[in-house]
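These are my notes from going through one model, entry by entry. I started with one helix and worked outward from there.

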Amino acid sequence: MASKSLWMDVDVMPAAGSLPGDLECEVAVVGSGIARLSTAYELGRRGKSVAVIDRGPIAGGMTSRTSAHLAPLCDDLVSEMTKIKGQEATKLFCDVQAAAVDRRMSMARPVRVS
Ligand SMILES: Cc1cc2nc3c(=O)[nH]c(=O)nc-3n(C[C@H](O)[C@H](O)[C@H](O)COP(=O)(O)OP(=O)(O)OC[C@H]3O[C@@H](n4cnc5c(N)ncnc54)[C@H](O)[C@@H]3O)c2cc1C
């Protein structure tokens with residue numbers, strides 16, 4: 001049985017349509033999942049003009065299935081990752097994950113999601 005998340009019923013920016021023609025920008029971001037939208041957001045915050053394009057609905061990929069759980073850990077256990085990648089790479093991974101969670105939280109606070 002296929003799972004269905006709450007977010008899958010959300011029509012993100014329904015007014016956004018197909019590109020009417022050529023568009024000039026400094027950075028074109030292909031894909032509108034959480035990874036590329038985060039990239040576009042950070043670039044926009046730094047003054048870049050960014051266009052995000054997707055072949056389907058905005059945030060309609062794997063992002064629409066997320067349970068929105070923020071954790072600086074590895075799904076397959078840090079101990080398993082250490083076995084495969086070694087301690088240095090695993091530490092780097094955990095540090096990057098923790099920084100990403102902190103960044104996400106700093107963005108969420110002003111919105112006051114309830
Ligand atoms: C059931 C489930 C639960 C999850 N829960 C969590 C969780 O709690 N916490 C967590 O951190 N992660 C979770 N994840 C993982 C998380 O959802 C994904 O890691 C994340 O959404 C991936 O984002 P993405 O932007 O890389 O990819 P996607 O969200 O898949 O975005 C990629 C986008 O690119 C577009 N695209 C691809 N190719 C092209 C192309 N050639 N031209 C134009 N557009 C293109 C697609 O249409 C899509 O919109 C979960 C995943 C699943 C399946």
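**Entry 1: helix α2.** I counted the buried residues in α2 and got zero out of eight, so this helix lies largely in the open. The model is a predicted one, and I read every value below as computed from it. I then looked at what comes directly after α2 and found Gly-86, which takes a positive phi of about 90°.

**Entry 2: helix α3.** I ran the same count on α3, which is hardly covered: zero of its 22 residues are buried. I also checked its length. For the 22 residues of α3 (residues 87–108), 1.5 Å a residue gives an expected span of 32 Å, and the end C-alpha atoms are 31 Å apart, so the two values agree.

I picked out Leu-92, which is found in α3. Is Leu-92 buried or exposed? Leu-92 is exposed, because 12 other C-beta atoms lie within 10 Å and the cut-off for exposed is 12 or fewer. I took one distance from there: Leu-92 and Met-62 are 25 Å apart, C-alpha to C-alpha, with their positions 30 residues apart in sequence.

**Entry 3: the loop between β2 and α2.** I went through four residues of this loop.

- Ala-68 is placed in the loop between β2 and α2 (78–85). Its phi is near 60°, a positive value in a residue other than glycine. I noted the background for this: most residues other than glycine have a negative phi. Ala-68 counts as exposed because it has 10 C-beta neighbours inside 10 Å.
- His-69 also has its place in the loop between β2 and α2. With 5 C-beta neighbours inside 10 Å, His-69 counts as exposed. I looked for a contact distant in sequence and recorded Val-101, which is 32 residues away from His-69 along the chain and 9.8 Å away in space, C-alpha to C-alpha.
- Leu-73 lies in the loop between β2 and α2. Leu-73 has 13 C-beta neighbours inside 10 Å and therefore counts as partly exposed. Its C-alpha is 6.4 Å from that of Cys-94, at 21 residues apart in sequence.
- Leu-77 is in the loop between β2 and α2 as well. Leu-77 is not a glycine, yet its phi is positive, about 75°. It counts as exposed, since there are 10 C-beta neighbours inside 10 Å.

**Entry 4: strands and helix α1.** I turned to the strands. How many bridges join β1 to β2? Four bridges join strand β1 (residues 27–30) to strand β2 (residues 50–53), and the two run parallel. Within this pair I found Val-29 opposite Val-52 in β2. I then traced the connection: β1, α1 and β2 make a right-handed β-α-β unit.

I repeated the length check on α1. Its 12 residues should span 16 Å at 1.5 Å a residue, and the end C-alpha atoms are 16 Å apart, which agrees. After α1 comes Gly-47, and its phi is positive, near 90°.

**Entry 5: the ligand shell.** Which residues are closest to the ligand? I listed Gly-31, Gly-33, Gly-61, Thr-63 and His-69 as the closest, in a shell of 20 residues. By class, I got 11 polar, five nonpolar and four charged residues in the shell. I also asked which element gives the largest share, and it is helix α1 (residues 34–45), with three residues. His-69, one of the closest residues to the ligand, is the loop residue from Entry 3 that counts as exposed with 5 C-beta neighbours inside 10 Å.

**Entry 6: domains.** Last, I looked up how the protein chain is divided. Domain 1 covers 25–66 and domain 2 covers 69–108. I noted the distance between their C-alpha centres as 22 Å.

Key: Residues numbered from 1 in each chain as written. Predicted model: local features only at pLDDT ≥ 70, side-chain atom pairs only at ≥ 80, totals over all residues. Near = placed C-beta within 6 Å. Nonpolar A, V, L, I, M, F, W, Y, C, P; charged D, E, K, R; others polar. Domains from an automatic or database assignment. Pairing = 2+ DSSP bridges. Right-handed = clockwise from strand over helix to strand, strands pointing away. Buried ≥ 20, exposed ≤ 12 C-beta atoms within 10 Å, placed from the backbone. Expected span 1.5 Å × (residues − 1).
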